[in-house]
Amino acid sequence: MKKGKIVAMLLAGGQGTRLKELTRNIAKPAVPFGGKYRIIDFALSNAANSGIEDIGVLTQYKPFILNSHIGIGTAWDYDRNVGGLRILQPFMSEKGGRWYRGTANAIYENMNFIDELDPEYVLVLSGDHIYKMNYNDLLDAHKQKDADVTIAVLTVPWEETSRFGIINVDDDKKIVEFEEKPKKAKSNLASMGIYMFNWPVLREYLIKDNEDKTSDNDFGKNVLPLMLRENKKMYTWEFKGYWKDVGTVKSYWEANMDLLNPDNTLNLYDRDWRIYTRTRNLPPQYIHKSSKVVNSMINEGCYIEGTVEKSVLFGDVVVEKGAVVKNSVVLSNSVIKKDAKVYNAVVMEDVVVESGKEIGMDNGSRIYMVTNDKVVVE
């Protein structure tokens with residue numbers, strides 16, 4: 001065992017069905033976000049900025065675009081001769097081929113990969129959240145408590161506790177109980193799905209979980225509760241920054257709109273903690289003198305002649321003369337034609353909003369998902 005070494009295992013196989021058209025053809029971690037990124041860029045950048053040298057990315061659902069985006073990890077400086085980034089997909093074994101059965105099974109099936117790297121710690125991450133975190137802070141807390149596992153948690157509003165796995169702790173932050181999406185929670189500390197394990201302990205419990213034929217092979221449902229029942233040293237570490245699970249179209253729209261709030265703590269312009277991504281090498285944006293652009297993020301390749309207010313535009317978006325885009329997210333290669341109006345919308349890639357068409361309502365509360373075939377009200 002290499003003392004102090006960390007291997008990160010990034011779970012990136014999520015289907016994200018509640019995101020509807022956004023995940024029809026791609027995995028949730030590959031969903032575009034923030035004008036130029038994909039959701040997975042945040043966890044990958046956090047790992048790179050935290051100095052983690054070895055990371056396995058476990059993909060599964062419709063992985064082509066995600067795998068192409070990640071490549072060999074060049075954008076995150078993971079294209080190394082020794083260590084670096086490896087994409088780990090379900091594979092054929094002597095028992096046949098199948099998808100990973102759950103989060104814990106995904107790690108179990110790749111134990112050989114971890115054993116070869118021989119770490120002291122394994123950091124398990126989710127690839128479908130928007131946040132910036134220094135994982136060394138989590139590791140320091142783990143070491144201070146001499147823990148077997150430390151779970152990153154955050155305080156959520158009491159009215160939202162039924163959406164999360166809730167963790168109850170004592171005065172020393174030691175875990176005493178798990179509540180999975182409780183109707184009436186005892187605390188409002190929610191698991192972030194980020195776990196720091198001692199590798200020998202995790203390895204032991206992955207094997208135990210795999211031998212239990214009744215298990216769903218899930219960390220939150222099975223492995224962690226089993227460790228608690230067997231009195232392992234389990235603690236929490238509370239995260240204080242911005243975090244968003246973009247699990248629905250509305251939360252996806254909200255997270256993009258958050259970027260336009262000057263008080264938002266998710267600072268994409270922080271040079272000390274950059275979010276890296278694979279770039280498309282587009283030409284510069286063009287803002288015509290007759291246009292009006294207010295409080296918006298306009299990416300490379302965009303051509304703007306109309307009005308854009310409080311919106312996020314991805315690369316190669318065209319807003320023609322007289323067109324209005326307000327409170328909206330417009331994905332790459334879309335065209336808002338002359339005198340069209342788009343309010344409170346998520347416009348998918350390669351969509352043409354025809355001249356004079358009006359989508360959504362100015363100052364309305366509903367969100368509109370726009371494709372070339374239909375407009376769906378969320």
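What joins the side chains of His142 and Thr150? Select the two residues and look: a polar contact of 2.7 Å links their side chains. Keep in mind as you click around that this is a predicted model.

**Stop 1: His142**

Stay on His142 and show the helix around it: this is α5, residues 135-144. Is His142 buried or exposed? His142 counts as buried, because its relative accessibility is 1% and the cut-off for buried is under 20%. Now bring up its surroundings, skipping anything within four places in sequence. His142 is in contact with Tyr121, Ala147, Asp148, Val149, Thr150, Met196, Phe197 and Asn198. For a sense of scale, add Lys337 to the selection: 195 residues separate it from His142 in sequence, and the C-alpha atoms are 54 Å apart.

**Stop 2: Thr236**

Next, select Thr236 in strand β12, which covers residues 234-238. You'll meet Thr150 again here, since Thr236 touches it along with Ile151, Val153, Ile167, Val169, Lys173 and Ile175, with residues up to four places away in sequence left out. Thr236 is buried too, at a relative accessible area of 8%.

**Stop 3: the salt bridges**

How many salt bridges does a search of the whole structure find? The search finds 19. Here are some to pick out.

Start with Lys145 and Asp172, whose closest N and O atoms are 2.7 Å apart. Lys145 sits in the loop between α5 and β8 (149-155), while Asp172 is in the loop between β9 (165-169) and β10 (175-180), so this salt bridge ties together parts that are 27 residues apart in sequence. Lys145 is partly exposed at 29% relative accessible area, and Asp172 is partly exposed at 38%.

Then jump to Arg280 and Asp316, a salt bridge with 3.5 Å between the closest N and O atoms. The Arg280 end is in the loop between α8 (249-258) and β14 (286-287), and the Asp316 end is in the loop between β19 (312-313) and β20 (318-319), so the pair connects parts 36 residues apart in sequence. Arg280 counts as partly exposed at 43% relative accessibility, as does Asp316 with a relative accessible area of 26%.

Now try Lys326 and Asp362, another salt bridge, with closest N and O atoms 3.1 Å apart. Lys326 belongs to strand β21 (residues 324-326), and Asp362 to the loop between β27 (358-359) and β28 (368-370), so parts 36 residues apart in sequence are tied together by this pair. Is Lys326 buried or exposed? Lys326 is buried, with a relative accessible area of 18%, whereas Asp362 is partly exposed at 36%.

Before moving on, select Glu21, Arg24 and Lys374 together: salt bridges with shared partners join these residues into one network.

**Stop 4: the nonpolar cores**

Finish inside. Nonpolar side chains tend to be buried together in soluble globular proteins. The largest nonpolar core of this model has 91 residues, and Leu123, Tyr252 and Leu313 have the most contacts inside it. Zoom in on Leu123: beyond its neighbours within four places in sequence, Leu123 contacts Ile6, Val7, Ala8, Met9, Ile52, Tyr135, Leu138, Ile194, Tyr195 and Met196. Apart from that largest core lies another, of 35 residues, including Ile151, Tyr195, Phe197 and Leu202. Two of those names should ring a bell: Phe197 is in contact with His142, and Ile151 is touched by Thr236.

Methods: Residues numbered from 1 in each chain as written. Predicted model: local features only at pLDDT ≥ 70, side-chain atom pairs only at ≥ 80, totals over all residues. Heavy atoms only, no water. Helix = DSSP H or I, 4+ residues; strand = E, 2+ residues; numbered from the N terminus. Buried < 20%, exposed > 50% of the residue type's maximum accessible area, 1.4 Å probe, protein only. Contact = heavy atoms within 4.5 Å. Polar contact = N/O pair within 3.5 Å; in protein donor to acceptor, adjacent residues only side chain to side chain. Salt bridge = Lys/Arg side-chain N within 4 Å of Asp/Glu carboxyl O. Core = buried A, V, L, I, M, F, W, Y, C linked by side-chain atoms within 4.5 Å.
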